[in-house]
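Trainee: Please take one part of this structure and go through it closely. I would like to know what it is packed against and how the pieces around it are arranged.

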Amino acid sequence: MASLADISVNLREEVEKTSRESKAHAVAVALLDFESGFRFSLAGNRWFHAASTIKVAVLLAIFRAPAEGRLRLGDSLHVRTRFSSAANGLPFRLDSDSDAMPELYHAIGRTVKISALAEGMIAASSNLATNLLLDLVGVEYARNVLRDAQVSGVELRRGVEDKTAHERGIDNQVTADGLLTLLCALRGNFLSNESREQAIRILLAQRFKSMIPAGLPAHATVAHKTGEISTACHDMGIVYLPERQPYIAVILTEFDPEKDGRHETVAAISEVIHRSLTGAERKAR
Amino acid sequence: MNIEELRPIDGLNLSAEYRALLRPGEAQNDSRGNVHRLPRFFYEIGSWQDAQKIRLAPHFTLAELMLVDCREAELLLRQFPHYVPCAIILLATFLENFRREVDAPVFISANGGYRSPAHQIGGAKSIHAWGTAANIYRIGDTFLNDAKSIERYGAIASSRSRAVLVRPFGSGAGETDDHLHLDLGFVSLTPRECSEAS
């Protein structure tokens with residue numbers, strides 16, 4: 001087995017090669033292996049548009065809130081599609097066409113349990129569920145939770161689909177190192193045992209599997225969250241392999257809009273990480 | 001349980017913790033600075049099942065007009081009995097009349113009927129704390145989320161009674177753009193068997 005220093009050098013070379021071949025504008029990787037204690041960071045403090053990875057920060061806040069008496073996960077929340085812009089307070093609406101969970105729109109006017117919204121926010125990446133939950137706890141509270149969890153490198157400033165805020169440069173931003181500490185907070189003792197288990201279970205229910213999981217052997221399971229907008233394509237997750245301790249991998253990329261092969265690039269980097277940590281053979285393509 | 005079995009109570013006789021949340025008979029400024037007294041007399045609801053069974057009007061159960069989400073005060077959200085202002089019967093009667101006119105099911109949103117003065121949305125300044133306001137998000141198959149539908153059904157509601165206020169379509173203060181708000185004003189109802197003395 002190679003030394004950790006060799007792994008680091010090899011991993012950096014392979015990620016950079018993959019990045020060059022894919023014509024990505026930028027690639028950042030952060031890695032923590034609980035088996036060996038190996039840490040790795042490539043451009044780990046570079047800021048990226050968060051896209052839907054920010055939903056993991058909202059998840060942390062929602063699962064922290066019960067311990068602080070702010071809500072109960074079994075409580076119900078009124079579903080509506082109207083939200084206030086972080087830029088000027090004016091209303092904006094979400095519509096089902098741009099949401100990966102259109103069935104949630106059938107509940108408009110009625111209530112849905114907070115736990116179900118949390119699952120929809122992560123597993124289906126529902127924008128409506130995200131904004132409902134963030135509206136409930138508030139951006140300020142969610143930011144305070146990140147601070148209390150000692151997560152830096154995750155700037156939560158607004159809900160999703162807030163176009164007015166985006167035009168004024170108010171965006172959610174993340175670094176690979178920041179998202180790694182966020183996943184560490186989710187996995188560690190920051191949450192109660194019950195909240196932690198439920199949060200991880202929700203991440204395991206992720207429906208979009210074409211990035212980190214696609215680079216792994218079939219017996220791997222991944223608690224993860226993808227994020228994708230015009231230029232950004234990310235995945236972050238905890239990789240579980242039955243033969244070893246898990247590892248956390250965060251892969252952030254930036255491409256020209258409409259560039260093909262973005263998911264494949266993240267999947268290829270995921271494979272490189274897996275090979276580097278486990279000594280597995282290169283996957284046949 | 002049916003409507004005849006609803007038991008009216010004087011809110012001033014409730015325990016201190018309920019009085020602190022429901023604030024029976026207390027003076028409250030509205031958004032214009034006008035002073036109104038919060039409802040003093042309430043119906044006591046023993047369980048959610050009772051609320052679902054009680055028809056205040058042929059097409060409106062009590063449950064529909066008191067459904068709130070987690071922004072309601074803990075005690076009022078999680079424990080029964082619940083207390084609903086007696087004037088809610090007047091609201092249900094108006095809604096039934098309105099439903100007959102539009103000839104379609106009328107759907108009241110969560111948080112869209114009675115909300116206590118302790119509810120995080122609007123609090124005691126909201127007319128929803130009188131139990132005389134309804135937020136209608138859907139009529140038949142039509143979701144009320146645009147000017148056309150809100151103005152159309154708003155005009156019908158207004159035509160039913162001069163006592164009714166319908167908020168105009170819009171996104172400013174006092175306007176709505178994703179539901180139809182109607183209310184009967186700051187109406188309080190004193191049941192015959194109750195006294196306003198003391």
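Mentor: What follows looks closely at one helix of chain A and its surroundings, then turns to the contact between the chains and to chain B.

The model is a predicted one, and every value below is computed from it.

The part I have picked is helix H8 of chain A, residues 193–204. Its length is regular: at 1.5 Å a residue, its 12 residues should span 16 Å, and the C-alpha atoms at the two ends of H8(A) are indeed 16 Å apart.

Which residues of H8(A) are buried? They are Ser195(A), Ala199(A), Ile202(A) and Leu203(A). Around the axis they cover an arc of only 100°, so they sit on the same side of H8(A). A general point about helices helps here: an α-helix has 3.6 residues a turn, so residues three or four places apart point the same way. The face of H8(A) turned away from the buried side carries Asn193(A), Glu194(A) and Glu197(A), which are exposed.

What does the buried side pack against? The buried residues of H8(A) pack against three helices of chain A, namely H2 (54–64), H3 (114–123) and H7, and against two strands of chain A, S10 (221–228) and S11 (232–241).

Ile200(A), also in H8(A), falls between the two classes. Ile200(A) counts as partly exposed because it has 18 C-beta neighbours inside 10 Å, and a buried residue needs 20 or more. Leaving aside neighbours within four places in sequence, Ile200(A) is in contact with Leu186(A) and Ala223(A). His224(A) is 24 residues from Ile200(A) in sequence, and their C-alpha atoms are 8.6 Å apart.

Now take the partners of H8(A) in turn, starting with H7(A). Helix H7 of chain A covers residues 176–187, and Leu179(A) is found there. Leu179(A) has 33 other C-beta atoms within 10 Å, so it is buried. Not counting residues up to four places away in sequence, Leu179(A) touches Ala30(A), Thr53(A), Val154(A), Val174(A), Met236(A) and Val250(A). For a longer distance, the C-alpha atoms of Leu179(A) and Ala61(A) are separated by 14 Å, with their positions 118 residues apart along the chain.

The strand partners come next. S10(A) is mostly covered, with six of its eight residues buried. S10(A) pairs with S11(A) in the antiparallel sense, over eight bridges. The connection between S10(A) and S11(A) is a hairpin of three residues. Within this pairing, Glu228(A) stands opposite Cys233(A) of S11(A).

Next is the contact with the other chain. How many residues does each chain bring to it? In chain A 14 residues are in contact with 12 residues of chain B. On the chain A side, the largest share comes from strand S4(A), residues 76–78, with three residues. By type, the side of chain A that touches chain B divides into five nonpolar, five polar and four charged residues.

Chain B can be described first as a whole. Chain B contains five helices and 12 strands. For its 198 residues a compact globule would have a radius of gyration near 16 Å, and chain B agrees with that at 16 Å. Its C-alpha trace spans about 45 × 40 × 30 Å along the principal axes. Of the 198 residues in chain B, 40% are buried. Among contacts in chain B between residues at least 6 apart in sequence, 66% join residues at least 24 apart.

One strand of chain B repays a closer look. Strand S9(B), residues 133–139, is mostly covered: seven of its seven residues are buried. S9(B) and strand S8(B), residues 106–108, run antiparallel and are joined by three bridges; there Phe107(B) stands opposite Arg138(B) of S9(B). S9(B) also pairs in the antiparallel sense with strand S12(B), residues 180–183, over four bridges. In that pairing Ala134(B) stands opposite Leu182(B) of S12(B).

A further partner of S9(B) is strand S10(B), residues 142–143, joined to S9(B) by two bridges in an antiparallel arrangement. Here Ile139(B) stands opposite Thr142(B). S9(B) and S10(B) form a hairpin with two residues between them, and Gly140(B) in the turn has a positive phi of about 60°.

To return to the part chosen at the start: H8(A) has its buried residues on the same side, and these pack against helices and strands of chain A, including H7 and S10.

Methods:
Residues numbered from 1 in each chain as written. Chains lettered and ligands numbered in written order. Predicted model: local features only at pLDDT ≥ 70, side-chain atom pairs only at ≥ 80, totals over all residues. Contact = placed C-beta atoms within 7 Å. Nonpolar A, V, L, I, M, F, W, Y, C, P; charged D, E, K, R; others polar. Buried ≥ 20, exposed ≤ 12 C-beta atoms within 10 Å, placed from the backbone. Pairing = 2+ DSSP bridges. Rg over C-alpha atoms; globule rule 2.2 N^0.38 Å. Expected span 1.5 Å × (residues − 1). Arc of directions from axis to C-beta.
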